[in-house]
Amino acid sequence: MQKFLGGIDYPASKEDIVASARKSGADDNVLQALEAIPDGEYDAPTAVSSAIADAN
């Protein structure tokens with residue numbers, strides 16, 4: 001997951017995160033996990049990972 005979030009400038013919106021992961025070649029499982037996080041601004045990759053864990 002983290003390799004697909006590496007080039008993102010934070011804070012970033014959910015839409016920016018999903019778009020960046022898609023451009024980085026993320027597979028369907030990664031994209032599905034990112035689509036499941038709540039809309040909002042994320043200030044670091046750890047915040048995205050935490051949101052993914054909470055969404056599952």
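A residue is taken as exposed when its relative accessible area is over 50% and as buried when it is under 20%, with partly exposed in between. By this criterion Asp39, at 63% relative accessibility, counts as exposed. The structure described here is a predicted model.

Two salt bridges are present in the structure. One of them joins Asp39 to Lys14, with 3.7 Å between the closest N and O atoms. Asp39 lies in the loop between H3 and S2, whereas Lys14 belongs to helix H2, so the pair ties together parts that are 25 residues apart in sequence. The two partners differ in their surroundings: Asp39 is exposed, but Lys14 counts as buried because its relative accessibility is 12%. Another salt bridge is formed by the side chains of Glu35 and Arg22, at 3.8 Å from N to O. Here helix H3, which holds Glu35, is linked with helix H2, which holds Arg22, and the two residues are 13 residues apart. Glu35 has a relative accessibility of 42% and therefore counts as partly exposed. Arg22 is also partly exposed, at 48%.

The nonpolar interior was examined next. The largest nonpolar core has 17 residues, of which Ile17, Leu34 and Val48 touch the most other members. Helices H1, H2, H3 and H4 are the elements that give two or more residues to this core. The most comes from H3, which supplies four residues. In soluble globular proteins, nonpolar side chains tend to be buried together. When neighbours within four places in sequence are left aside, Leu34 is in contact with Met1, Leu5, Lys14, Ile17, Val18, Ala21, Val48 and Ile52. Among these contacts are Ile17 and Val48, which are named with Leu34 as the core residues touching the most other members. Lys14, the salt-bridge partner of Asp39, is also among the contacts of Leu34.

Helix H4 spans residues 45-55, and its buried residues are Val48, Ala51 and Ile52. Seen down the helix axis, these residues fall within an arc of 100 degrees, so they line one face of H4. An α-helix has 3.6 residues a turn, so residues three or four places apart point the same way. The face of H4 turned away from the buried side carries the exposed residues Thr46, Ala53 and Asp54. The cover over the buried residues of H4 includes helix H1 (2-5), helix H2 (14-23), helix H3 (28-35) and strand S2. Two of the buried residues of H4, Val48 and Ile52, are in contact with Leu34.

Strand S2 comprises residues 41-42 and includes Glu41. This residue counts as exposed because its relative accessibility is 56%. Apart from residues up to four places away in sequence, Glu41 touches Pro11, Ala12 and Ser13. The C-alpha atoms of Glu41 and Asp28 are separated by 22 Å, although the two residues are 13 residues apart along the chain.

Ser20 is placed in helix H2. With a relative accessibility of 18%, Ser20 falls under the 20% limit and therefore counts as buried. Its contacts, leaving aside neighbours within four places in sequence, are with Phe4 and Ile8. Helix H2 thus provides the buried Ser20 and both Lys14 and Arg22 of the salt bridges.

Definitions and conventions. Residues are numbered from 1 along each chain as its sequence is written. This is a predicted model: local features need pLDDT of at least 70, side-chain atom pairs count only at pLDDT 80 or more; totals for chains, interfaces and linings use all residues. Side-chain values use heavy atoms; hydrogens and water are left out. Buried means under 20% relative accessible area, exposed over 50%, partly exposed in between (1.4 Å probe, protein chains only). Contact means heavy atoms within 4.5 Å. The arc is that of the directions from the helix axis to the C-beta atoms. A nonpolar core is a set of buried Ala, Val, Leu, Ile, Met, Phe, Trp, Tyr and Cys residues joined through side-chain atoms within 4.5 Å. A salt bridge is a side-chain nitrogen of Lys or Arg within 4 Å of a carboxyl oxygen of Asp or Glu.
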